[in-house]
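Biologist: I have a chain to look at before going to the bench. Can you walk me through it?

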Amino acid sequence: MISRVPHFTRFVLAVAVVFAALALLARKPAFAAPAVAVYRGEASAASGPGRRIELRLSANGTMTWLTIYRNNRPPITEEGRWNALTVEEIEVIIERRDSKQVEPIAVHLLKQGETLRTTAASAAEFGSQGLLLKLAKVAAPPIAAPVTGAVSPIGAWQWESLISSDGKVAVNQPERYQLQLQTGGMAQVLADCNRGQASYSFDGRSFNIRITGVTRAACPGDSLSGRYLKALETAIGQRVRGENLFLDLPANGGTMKFLRAK
C-alpha cells in the first residue's frame, strides 16, 4: 500500500533535508580550506520552480557547488577544482557529486565586477538566460592559533602561483622567483632580475616579512618582480603542506603557493 504524506509534512521534510545537507556540507574537506569567495544565484527551469545555486571558490584551487531545488528534490553537493583561464574567465571543474567520483564536467564563467556569468558554451544547461551568480561573501584566510608540531617554513622555496578571487596568476618560470627563509629571521629574495634581503618572523601559522633592501634592475616586460615583492610584504599567514608553502594574504588578496626548491 502506498502511504500518502500530507503536503505540509512533505514541506517540513524537504526543509529538514536542505538543512541537513548544509550541515554535512560544512564538514566536507573543501570547506576546510579558507574560502576566498561565495557566489549565489538562481537557475531557471523550462517547467518547474528552478533551483538555487551556491558556488564557493577556495584559496587552494578547490571549489564546492551546491544546488538546492525548489520542488522538494534533495539538494546536490558537487566538488572539484577551479582554474583561471584569463583575467576575466575561470573554469570550474566538477569531479565529485555527493562524494562520488563522476566524469569531469567543466563550466566556464566570465567575471564581471562582483558577478560570474556562464559563457555561451556553458549557458545551455541553465536555461535560455544562462546562469548569473553574484558575490555574496569574501572571506579573509584566517590566521589559526599556533599548532603544536606544525612544519617550519624555514628553507628555500620557488613561487608557483597566486590564487585569489580575481583569478589565478601562474608563474611560468618559478626558478626566477625564490624565497630563502634562513634560521635567525633573515631571508634572501630573488625577484626575477632583482635580488634582495628581508627579515621575517612567524608564530604558529602567523607570518610577517619585511624587505630591507632590493636591487632596482629593469626586468623584462612580462616580469612579475614588482607584484611578487608587494605580495610578499602583505603576507599574514603561512602553512606548509608536503613540498608546498602557502602564504596567505589579507582580505581578498588570496594565497601565494611555493614549491620547495631542490
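Modeller: This is a predicted model. Begin with a low-confidence stretch: pLDDT stays under 50 over residues 140-149.

Biologist: How many contacts does the model have for residues 140-149 beyond four places in sequence?

Modeller: Confidence in this stretch is under 50 throughout. The model still gives contacts for residues 140-149 beyond four places in sequence, and they number 17.

Biologist: Which other stretch has pLDDT below 50, and what is the chain average?

Modeller: The other stretch is residues 7-34, with 30 contacts beyond near neighbours in sequence. Over the chain, 77% of the residues score at least 70. The average pLDDT is 79.

Biologist: Which element gives the largest share of the largest nonpolar core?

Modeller: That core has 27 residues. Elements giving two or more residues to it include strand S9 (155-164), strand S17 (255-260) and helix H2 (225-234). The largest share is four residues, and it comes from H2.

Biologist: Tyr 228 is among the residues with the most contacts inside that core. Which residues of the 250s does Tyr 228 contact, leaving aside neighbours within four places in sequence?

Modeller: Its partners include Trp 159, Tyr 177 and Leu 179. Val 189, Leu 190 and Ala 191 are also in contact with Tyr 228. From the 250s come Met 256 and Phe 258.

Biologist: Is strand S2 largely enclosed or open?

Modeller: Strand S2 spans residues 51-58. Buried means under 20% relative accessible area. Seven of its eight residues are buried, so S2 is largely enclosed.

Biologist: Which residue in S3 is the bridge partner of Ile 53?

Modeller: S2 pairs with strand S3 (residues 62-69) in the antiparallel sense, over seven bridges. The two strands form a hairpin with three residues between them. In the turn, Gly 61 has a positive phi of about 90 degrees. Across the pair, the partner of Ile 53 is Thr 67.

Biologist: Which cysteines form the disulfide, and how far apart are their sulfur atoms?

Modeller: The count comes to one disulfide. Cys 193 and Cys 219 form the link. Cys 193 sits in the loop between S12 and S13, and Cys 219 in the loop between S14 and H2. The sulfur atoms are apart by 1.9 Å.

Biologist: What handedness does the link of Cys 193 and Cys 219 have?

Modeller: The angle about the S-S bond is -100 degrees. That makes the link left-handed.

Biologist: How does Cys 193 count for accessibility?

Modeller: Cys 219 has 22% relative accessibility and counts as partly exposed. Cys 193 has 33%, so Cys 193 counts as partly exposed.

Definitions and conventions:
Residues are numbered from 1 along each chain as its sequence is written. This is a predicted model: local features need pLDDT of at least 70, side-chain atom pairs count only at pLDDT 80 or more; totals for chains, interfaces and linings use all residues. Side-chain values use heavy atoms; hydrogens and water are left out. A nonpolar core is a set of buried Ala, Val, Leu, Ile, Met, Phe, Trp, Tyr and Cys residues joined through side-chain atoms within 4.5 Å. Buried means under 20% relative accessible area, exposed over 50%, partly exposed in between (1.4 Å probe, protein chains only). Contact means heavy atoms within 4.5 Å. pLDDT is the predictor's confidence in each residue, from 0 to 100. Two strands pair if DSSP finds at least two bridges between them. A disulfide is a pair of cysteine sulfur atoms within 2.5 Å.
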